[in-house]
Structure formats: structure tokens, C-alpha cells
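Here is a short guided tour for anyone who likes to read a fold helix by helix. Please keep the model open beside the text as you go.

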Amino acid sequence: MNASSVHTAVLKDSGASSDSPESRQYNRTKRWLGVADVTVGFGVLAVLLATGWSGTMRDLAERGASQNYPVAVFLYVAMLMLISKAIGLPLEFYESRLEHRYDLSNQNLGSWLWDELKGFLIGLIAATVVAELLYTLMRHAQEHWWIYAWAVFLGLMILLAQVAPVVLFPIFYKFEPLENEELKRRLIVLSERAGTRVRGVYKWHLSEKSKKANAALTGLGATRRIILADTLLDNYSDDEIEAVLAHELGHHVHRHILKSIMMQAAITLLGFFLANEVLRYAVERRNMFETISDFANLPLLILVSTVLSLVLMPLLNAYSRFNERQADRYCFQSVATVEPFITSMNKLAQQNLSEKSPSPWVEWLLHSHPAVTKRVSAAEQWAKSEREFAGR
Ligand SMILES: [Zn+2]
């Protein structure tokens, strides 16, 4: 091997396609944390059911509520959430330390704790609303509760998608309309070419908490908007930001939010059907609960939905990657050259310490986005076929 081939080999090795040991280690640790999180959550619910402690909690809730059913449901949900949070908190804390260890976080402990508290309260409100609805339906429609529950859920999902950008996200982050005139002009040109309009582009003050960069299309109808992290706006060229905008606009043009809600709706119907079957089995065959509307069975309901989402995760991720590729292609068609897309992808991967080429298994199981190396080579491929087309 001569000197120049060694040089090429080294260059290739440190090139865009390989990931640093740091990135590999960070992502591996994150994956193990994910596994631990699911295992612990699963374990808590299984133990509560197997030991009969869930029934004890129900008795406590009923006594505390002096037999008022809705109040008892609330007390039970609050106890369940407190137990899960107390057991899951060390893992969450470790995860936040991990972000600091890899220099990816700007959030201090006080702010983290405040976010945890807000998250817990929002979760408690949401879980209470859902549980009250479910058990009211079960009490009044023992046979078909799951179909009614599905219809109510569908309404809630659509409402949530609508209000999240204006009600939920601002609880954790500041947003303000984008002021950059040049970027606004470019977005208008992009939108006009697409024959569509996004209601707004917002600057997302992510840097208060994180060094990572991100962008997203959020909302439905009047709340539909593109959000761009300040960590992206401050460090990327206008051409690169335009590429990111074009990708997000691709999600809008292809109606990906609506399609995802429809996909979720189908899965939720399957979930409620299964939940009903499992609950009936537990009540009629195993005598685990006296009636289907005995809210001590809530851990079982959560277990069913967890198992279902784990089983369907590869499918949902494959669907998401399909959408991402569609949005990427939309971007290639809309911008003058794909170079800024390629540089922005590589910069994002580096800034977020994400793996550009994860193992195929990891990508297939866990990733909602195609590997950066694949997105980049798709862009290069697209540019190449464009040149061939122009040269003909
Ligand atoms: Zn996307």
C-alpha cells in the first residue's frame, strides 16, 4: 500500500459517513436507557397487578373519595402516577446528566426540575381526563365501550394536534414569529411554488435548554406552523435553513400530520378492541376484577397499549421514514441545489451527536428518520439524475 492510498483510506475513514466513538457511545447509552425505562415501567405495572396492590390502591381511593366514583378514579390515577414517577425519576435524572456529560445541554438542575413538575401535572390532568372518560363509558356501555372510547379518543387526538403548538409547547419553550426578512421571503417563494401556505414560521427558543438543533411542522388547520430552533437559525446559512424549511414544507404538502393521525386512529381502534378482549378475559375467566369498570384494572390497560406500541414500533417507524423520504424529495425539487441540504444534514448530525450510519437493525427498529448517510446519498443521486436529464 503506497502513501497516497493510505491517505485516501484515512480520509475516507474520517469522512462524512463514519460516526465518532463518542456518538456511538452516546447513542448506545440512550438506547439502553430506553430499554431500562420500558422495563421498569412494565415491571411496576406487572407487580401492581400480580400482588393485588392495585386492588388495595382502589380500596384506598374509594375510601378517600367516600365512594364517589369519579373522585375515586382521580385518586387512583394520582397514586399510580406518583408511584411510576418516583420509580422512573432516577432514570430520567441520569438521562439529563448524560446530555450534560456529552455537552449537549444548557439546562440547569432547577429548570429541569421545574420541567419535570410541569410535565407531571400535565400528565396527571391528561391521564385523569382519559381515565374518567374510559371508566364512565365502561360503566354505561359494558358491551361497546371500546368503540365509543375510540370515537372520543379520535376527537381528542385531533384537538390535541390542533392546540399543542399554541397551548402545550409554550409551557416548556418560548416561541416568537420569525423576524428574518430574507428567510420569510424565501419561504413565501417556496410556498407559492407549492401552491400552498403555512400559517407561520416561528423561532423556537431551544437554546435555553439544549445545544441540539431541530425543526418541525406542527399543528392542524389554523395552528399549522413550521418551528425552527434558534440553535439552527443562529448557526446555519440561509441556504441551509431554506433546505430545512423546504423539507418541512414537504411534510405539509404531503399532509403527513393528517395521515399520521389516521394511522394512529387505526392503531387505537385495534388497541381498544384488544383491551376489551383482555379485560373480559381477566374478569370472566380469571376473576381478577369484579367488573370491567373496576379501575384497579388500569395497569392492565396500560400494559396492553404498551405491548401494542412496542410490537408496532418497527411498522410506525418504517411509515415515518417513508414520509421523511417524501419530504426530502420535495426539498430536492424545491431548492436550487442540494448542496445546502447535504451540509445541513451533516451539521445537524454532528451538533446533535446522532449516528449518521446506525446499524441496520437499530435503524429498522428505532429510527423515525432514515440514516443521514442514506438521506445524503439520496440527495446526491437526485442531483446526478437531474444533471443527466439536463444534459440530454
Ligand atoms: Zn421531517
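The report below moves from the whole chain to its helices, its cores and a few single residues.

**The chain as a whole**

Please bear in mind that this is a predicted model. The protein chain holds 14 helices and four strands, and its C-alpha trace spans about 75 × 50 × 40 Å along the principal axes. Of the 392 residues in the chain, 25% are buried. Contacts that reach across the sequence are well represented: taking those between residues at least 6 apart in sequence, 74% join residues at least 24 apart.

**Helix 2 and helix 4**

Two helices from the N-terminal part of the numbering make a good starting point. Their lengths can be checked against the rise of 1.5 Å a residue, and the table sets out the result.

| Helix | Residues | Number of residues | Expected span | Distance between end C-alpha atoms |
|---|---|---|---|---|
| Helix 2 | 21-51 | 31 residues | 45 Å | 44 Å |
| Helix 4 | 69-101 | 33 residues | 48 Å | 47 Å |

The expected span agrees with the end-to-end distance for helix 2, and likewise for helix 4. Helix 4 nevertheless carries a kink of about 45 degrees at glycine 88, shortly before proline 90.

How do these two helices lie against each other? Helix 2 and helix 4 pack with their axes 10 Å apart, at an angle of about 175 degrees. An angle over 145 degrees counts as roughly antiparallel, and therefore helix 2 and helix 4 are described that way. On the helix 2 side, the contact is made by Thr29, Leu33, Ala36, Asp37, Val40, Gly41 and Val44. Helix 4 contributes Ile83, Ser84, Ile87, Gly88, Leu91, Tyr94, Glu95 and Leu98. Gly88 is thus both a member of this contact and the site of the kink.

The spacing of such contact residues is easier to read with one rule in mind: an α-helix has 3.6 residues a turn, so residues three or four places apart point the same way.

Each helix also has buried residues. In helix 2 these are Tyr26, Leu45, Leu48 and Leu49, and the buried residues of helix 2 pack against helix 3 and helix 11. In helix 4 the buried residues are Ala72, Val73, Leu75, Tyr76, Val77, Leu80 and Glu99. Their packing partners are helix 3 (53-64), helix 5 (109-140) and helix 11 (298-334).

**Positive phi around these helices**

Several residues beside these helices have a positive phi. Glycine 52, which follows helix 2, has a phi near 80 degrees. Aspartate 103, which follows helix 4, has a phi near 55 degrees.

The loop between helix 3 and helix 4 includes serine 66 and glutamine 67. Serine 66 is not a glycine, yet its phi is positive at about 40 degrees; glutamine 67, also not a glycine, has a positive phi of about 65 degrees. Are these loop residues buried or exposed? Serine 66 is exposed, with 8 other C-beta atoms within 10 Å, and glutamine 67 is exposed too, again with 8.

**The nonpolar cores**

The largest nonpolar core has 36 residues, and Leu228, Leu232, Leu245 and Phe341 touch the most other members. Elements giving two or more residues to this core include strand 3 (215-218), strand 4 (225-229), helix 7 (181-194) and helix 8 (230-233). Helix 9 gives the most, with six residues. Beyond its neighbours within four places in sequence, leucine 245 is in contact with Leu187, Leu190 and Ile226. A second, separate core holds 27 residues, among them Leu134, Tyr135, Met138 and Leu298.

**Helix 12, helix 14 and aspartate 239**

The axes of helix 12 and helix 14 come within 9 Å and cross at roughly 175 degrees, which makes this pair roughly antiparallel. Phe341, Ile342, Met345, Asn346 and Ala349 of helix 12 meet Val372, Arg375, Val376 and Ala379 of helix 14.

Phe341 links this pair to the core, as a residue of the helix contact and one of the core members with the most partners. Its C-alpha atom is also 8.2 Å from that of aspartate 239, although the two residues are 102 apart along the chain. Aspartate 239 lies in helix 9 (residues 238-253). With 16 other C-beta atoms within 10 Å, aspartate 239 is partly exposed.

Technical notes:
Residues numbered from 1 in each chain as written. Predicted model: local features only at pLDDT ≥ 70, side-chain atom pairs only at ≥ 80, totals over all residues. Buried ≥ 20, exposed ≤ 12 C-beta atoms within 10 Å, placed from the backbone. Contact = placed C-beta atoms within 7 Å. Expected span 1.5 Å × (residues − 1). Bend = angle between axes of the 7 residues up to and from the residue. Core = buried A, V, L, I, M, F, W, Y, C linked by C-beta atoms within 7 Å. Axes fitted to C-alpha atoms, helices over the stretch in contact; angles between N-to-C directions. Parallel < 35°, antiparallel > 145°, perpendicular 65-115°, else oblique.
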